[in-house]
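Hi,

Here is the structure I promised to pass on. Have a look at it first, and then read on for what turned up.

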Amino acid sequence: MSAGIPENKDLKKYRAFGLTISSELELPGLSQGDGEVEVEILLGAVPARLDAPIIGKTRFQATQREFLMHTKKFGSFYLTDGSRIVVQLNGETDPEGDGSRQYLLGSVFGALLFQRGFLPLHGSALSFPDGRCFILTGKSGAGKSTLAAAFLDAGCRMLSDDVCSIHCGSDTPIVYPSYPQQKLWKDSADLLEIDTGNLKFVPARDGKKYYRPVPVSYRSESSPLAVVYELVLAENIPGDRNATIERLSGTEKFLTLAKNTYRLWFAKYLGVQVPHFMQCSRLASTVQVSRITRKTSGNTIGELRDIVMADFNGLS
């Protein structure tokens, strides 16, 4: 991994995931960056295949230093040493490049964070006024984005949506901010009475999503991580309640963090399973991990928000 990249004055500089980025591809919505460039994004041709990959699938190929991704709709991406990304756009299926940018800031940066030694969790990271951060994680459809939006309306600030960049190198794990916008499902926006008329549509395989800019509610500074909340859906909950919360311990904390790692299979592709195991183990020993079980039907967002706030306020 390069310690620093010679600055190209013709490239725009951004700040995301705790990294200063120079990019030939415009990345609207990201914060302006300064300082030494750590990641360079260039437009150009990428190789069809890698030499002697650890994983040699059709769409994904990887060595310890390289990661190659091919997509039909959004083009191809070639990542090296966690410091350079070459993007080959597909102008026929993605003429505006919106899907390419989404894929770049999701899967591609997920792989880059693995290469740079960060732990990427799949979820939304928010902070309370005292600066401490919590992460909402769980399977797609569990309600992460909806609950995160409700917390923003209650005065919390967002650090990241979808990919949470965590540094576990000290006793206090740190979450780095990504960019000041949130992806919302159409039904989530309707539930929270958010007008989608002026929001930009996000290309998605499994439904309608929109970018919701949150510049006022965005926290641009890193934040210490205190709790990870996993959201789980259930048909029925004992006692006719809409939701319950359980603080996890031991191996269950580790397994919850591991299974909610963003693109977990990338760790195998890149040959970093052991470092990833150690990161999840270290994080499990330093933060609280809780599971919130909610009913699959009914509007419980206000109740869920109250449960999380009461639990967070009860931290020692």
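How many bridges join E15 to E16? There are 3 of them, and the two strands run antiparallel.

Before the rest, a word on the ground rules. This is a predicted model, in which local features need pLDDT of at least 70 and side-chain atom pairs count only at pLDDT 80 or more, while totals for chains, interfaces and linings use all residues. Residues are numbered from 1 along each chain as its sequence is written, and side-chain values use heavy atoms, with hydrogens and water left out. Helices (H or I, at least four residues) and strands (E, at least two) are DSSP runs, numbered from the N terminus.

**The sheet**

E15 and E16 belong to an open sheet of 3 strands, in the order E14-E16-E15, with antiparallel pairing. Two strands pair if DSSP finds at least two bridges between them. The edges are strand E14 (181–185) and strand E15 (200–202); each has a single partner strand, so one side of each lacks a neighbour in the sheet. Neighbouring strands here are turned by 40° against each other on average, direction ignored. As background, strands of a sheet pair through backbone hydrogen bonds, either parallel or antiparallel.

E14 is joined to strand E16 (residues 209–213) by 5 bridges, and these two also run antiparallel. Leu 184 has Tyr 210 in E16 as its bridge partner, and Gln 182 stands opposite Arg 212 in E16. On the E15 side, Lys 200 is bridged to Tyr 211 of E16. Of the 5 residues of E16, 4 are buried, so this strand is largely enclosed by the rest of the structure. Buried means under 20% relative accessible area, exposed over 50%, and partly exposed in between (1.4 Å probe, protein chains only).

**Two residues and a helix**

Ser 127 sits in strand E10 (residues 119–127). Is Ser 127 buried or exposed? Its relative accessibility is 2%, so Ser 127 counts as buried. Beyond its neighbours within four places in sequence, Ser 127 is in contact (heavy atoms within 4.5 Å) with several residues, including Arg 132, Cys 133, Cys 156 and Arg 219.

E10 comes up again with helix H4 (residues 250–259), where Lys 253, Phe 254, Thr 256, Leu 257 and Ala 258 are buried. Those buried residues of H4 pack against E10, strand E17 (223–234), helix H6 (273–286) and strand E19 (288–295).

Gln 273 is in helix H6. It is partly exposed, with a relative accessible area of 39%. Not counting residues up to four places away in sequence, Gln 273 touches Ala 267 and Lys 268. The C-alpha atoms of Gln 273 and Phe 114 are separated by 9.9 Å, although the two residues are 159 apart along the chain.

**Aromatic pairs**

The whole structure holds 19 aromatic pairs. Rings of Phe, Tyr and Trp (its six-membered ring) pair if their centres lie within 6.5 Å; planes under 30 degrees apart count as stacked, over 60 as edge-to-face and the rest as tilted. One of the pairs is Phe 17 with Tyr 179, edge-to-face at 6.1 Å centre to centre and 85° between the planes. This pair links distant parts of the chain, 162 residues apart: Phe 17 is in the loop between strand E1 (12–16) and strand E2 (19–23), and Tyr 179 is in the loop between strand E13 (174–176) and E14. Phe 17 and Tyr 179 are both buried.

Phe 266 and Tyr 269 make a tilted pair, at 6.1 Å centre to centre and 35° between the planes. They both lie in helix H5 (residues 265–269), 3 residues apart, or about one turn of the helix. Both are buried. Ring pairs also link Phe 60, Phe 67, Trp 265, Phe 266 and Tyr 269 into a cluster.

**A cavity**

The search gives 1 cavity of 30 Å³ or more. A cavity here is a set of points, on a 1 Å grid over the protein atoms alone, where a 1.4 Å probe fits but cannot get out; lining residues have an atom within 4 Å of a point. Which residues line the largest cavity? They are Gln 102, Leu 105, Gly 106, Asp 162, Tyr 179, Lys 183 and Tyr 211. Helix H1 (residues 98–115) gives the most to that lining, with 3 residues.

Best wishes

Technical notes
Axes are lines fitted to C-alpha atoms, for helices over the stretch in contact, and angles run from 0 to 180 degrees between N-to-C directions. On a 1 Å grid over the protein atoms alone, a cavity is a set of points where a 1.4 Å probe fits but cannot get out, and a pocket is an open set with protein on both sides within 12 Å along at least five of seven lines; lining residues have an atom within 4 Å of a point. Grid points are joined across faces, edges and corners, and a volume is the space filled by probe spheres set on the points.
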